[in-house]
Amino acid sequence: MGRIHPPREISEFAAVLGRADKKAFLVGGAVRDYLLGRTVSDFDVATDARPEEVARLYPRVVPTGIKHGTVTVLWKGHKIEVTTFRTEADYSDGRHPDRVAYAATIEEDLGRRDFTMNAMAFDLREELLVDPEGGRADLGRHLIRAVGDPLERFAEDGLRPLRALRFASQLGFEIEEGTLGAIGPTLGRFRLVSAERVRDELLKILLAPGGAFQGPSRGLRLMEKTGMLAIVLPELAACRDVEQKGMHVFDVLDHLYASVDAAPPETALRLAALLHDVGKPESKVEQDGGEISFHRHEEISARMAAAILTRLKLPNALIDEVIHLVRHHMFAYEEGWSDAAVRRFLARVGEDKVEALFALRLADGFGITGLPVDPRSLDPLRRRIEAVLAESHAFGLRDLAVGGAELASIGVPKGPVMGRLLAELLETVLDDPSLNERARLLEIAARLKGKYGIEDH
Ligand code: ATP
Ligand code: MG
C-alpha cells in the first residue's frame, strides 16, 4: 500500500495550526489516494479550530463555505480546504444537513463520512494514520463499505449510493453486499437529490478509466441494476432489450455501454457515445419480413440528448457539442463521393469537429461487435478531406466572398430572403469553390434575385 507523504508546504501549513495548539488532519480523498499510490493534488484538512480562528492564523483565506465550517486557505501555491470537525444530524430534505454542528474529535468527524475508505485521517503533526472505521483494510480488499448502517446513511443523504457506484467504476472496486443492498430501499431519498450533484457524480462515472467492459459501463450497469438508471436516465433504461439486427451483437443499451467504454475519456465524446442511439426505441420499425430499421434515429437521439443534458444542468456549450456529434454520427463515406460531397460533409460537420466525430465512429463500431475497429478505416475519408481543404476553406457563410452588406447594395432586403440567398450561394461554392469571388458571386446573386421575388431597383 502507498505511503502518505504530503508535500512540505502542507506540513508547514499544519505547523501554523500546531503553534496555536490546534490539530490538523489530512482527510478524505487525499489519504485514500496516497494509500492507493495515486497522485494527490487536492488537500482537505480537518481541524478543531473554528473557521474564524483559521482565518486569523493565515494571511490569505477565502470564506468558501463558512456556514458549513469550511474556509479555503491559499498557501504556497495550494488551495487548502480547511473544515472544522463536524457532526451532522437531521437530514430532513435528504439533500443537505439542516445545520452544522461542530464535533469535538476527529473520530466523530470521520464517523459522519460516507465510506470507510473516505473516513481515514492523517495527523499532519504526529504523522499518524487515524482509521477508526477500518478503511485501510477495506481499501486492501478493494471494497466500498458504508460507514455505519448503510440504510441509515443512504437515507440521510441520497447522493451517497451514487457516490458508491462512482468510486466502484473509478477504482474498479466491489461494493460490499450490505452497502449495495441498501441502495434499492433508499431510492426514494435518491430521487430528492439535486440535478447538479447527480450530474457531478455521473460525469465522474463517465470519465472512469478501465477500457472495454470495465470503464464507465461498470458504474452504468450498477446504476441499472439498482434502479438508479431508470430514475436519472429513463430514456437509456428504455433501450434495454431493444434488439438490433445486421452486424449488431448487442441490444441498444449494451451497445451504448460498449461504445462509451471505447470512447476517448473526454466529457463530450463520452456523453455522445452514451446517447448517440438513445432515440432508437422511439424510431424502431419492424417490417413484415422481420427487417428492422431505425429511420432518422440520429435526429431523435439528438433531440432527446438535448433534453436529457438540459435536465442534468450541463453547460450549453457542452450540450451543443454533444448533440452536434449525435446528429452527425450516421455519415457513410464511400469512394464514390464527389469532392462537392466531401465539402458538404465538412460544411455540415465543421472542420474542427471531424476528428471527434471519427472517434465517436470508432467507439460506435466497437459497440456493434465488441471488437475494436481499425482506426485506419477512416483514412480514405481523411485523405479526401485533406485534398479538398488544400483547395478551399470555404465551408460556412462567413467564408463566402460576399456578405449581407454586399447583397444589400444590390437590392436584397435584410431578413429571411437574404438568409436563403446566402445559403444558396454557399451551396454553389461547395459545388465549385472557384466561384468564391466577389464579382462572380454578385453576378450569381443578381441572377437569383428573380427567383426570390426581389424587384430590381
Ligand atoms: P475525489 O477524489 O473524487 O474528490 P473525494 O473522496 O475527495 O473524491 P469529495 O467529494 O471531494 O470526494 O469529498 C471529500 C470527502 O468528504 C470524502 O472523502 C468523504 O470523506 C466526505 N464526503 C463527501 N461527500 C460526502 C457525502 N455525501 N456524505 C458523507 N461524506 C461525504
Ligand atoms: Mg475531493
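## A residue in a loop: His142

His142 is partly exposed, with a relative accessible area of 42%. This value, like the others here, comes from a predicted model. Partly exposed is the right label because 42% falls between the cut-offs of 20% for buried and 50% for exposed. You can find His142 in the loop between helix H5 (135–140) and strand S10 (143–144).

What is the sign of phi at His142? The angle is positive, about 55°, although His142 is not a glycine. To see why that deserves a second look, remember that most residues other than glycine have a negative phi.

## A second positive phi: Lys313

Now move along to the loop between helix H17 (297–311) and helix H18 (316–327), where Lys313 lies. Lys313 is a residue other than glycine, and its phi has a positive value near 60°. Is Lys313 buried or partly exposed? With 45% relative accessibility, Lys313 counts as partly exposed.

## A hairpin with a glycine

Next, look at strand S3 (residues 61–65) and strand S4 (residues 70–75), which pair in the antiparallel sense over three bridges. If you would like to trace one pairing yourself, start at Val61, whose bridge partner in S4 is Val73.

Four residues sit between the two strands of this hairpin. Here Gly69 has a positive phi, near 85°.

## A buried lysine

Let us turn to Lys280, which is placed in helix H16 (residues 280–283). How does its accessibility compare with the cut-off? The relative accessible area of Lys280 is 5%, and since buried means under 20%, Lys280 counts as buried.

Which residues does Lys280 touch, leaving aside those up to four places away in sequence? The list is Gln244, His248, Val252, Phe294, His297 and Ser301.

## Two helices that cross

Finally, find helix H23 (residues 416–431) and helix H24 (residues 438–451), whose axes come within 11 Å and cross at roughly 130°. That angle makes H23 oblique to H24, because the angle lies between the cut-offs of 115 degrees for roughly perpendicular and 145 for roughly antiparallel. The crossing of the two helices is right-handed.

On the H23 side, Leu421, Glu424, Leu425, Thr428 and Val429 make the contact, and on the H24 side the residues are Leu441, Ile444, Ala445, Leu448 and Lys451. What kinds of residue are these? Seven residues of the contact of H23 with H24 are nonpolar, one is polar and two are charged.

Definitions and conventions. Residues numbered from 1 in each chain as written. Chains lettered and ligands numbered in written order. Predicted model: local features only at pLDDT ≥ 70, side-chain atom pairs only at ≥ 80, totals over all residues. Heavy atoms only, no water. Pairing = 2+ DSSP bridges. Buried < 20%, exposed > 50% of the residue type's maximum accessible area, 1.4 Å probe, protein only. Contact = heavy atoms within 4.5 Å. Axes fitted to C-alpha atoms, helices over the stretch in contact; angles between N-to-C directions. Parallel < 35°, antiparallel > 145°, perpendicular 65-115°, else oblique. Left-handed = near helix turned anticlockwise from the far one by under 90°. Nonpolar A, V, L, I, M, F, W, Y, C, P; charged D, E, K, R; others polar.
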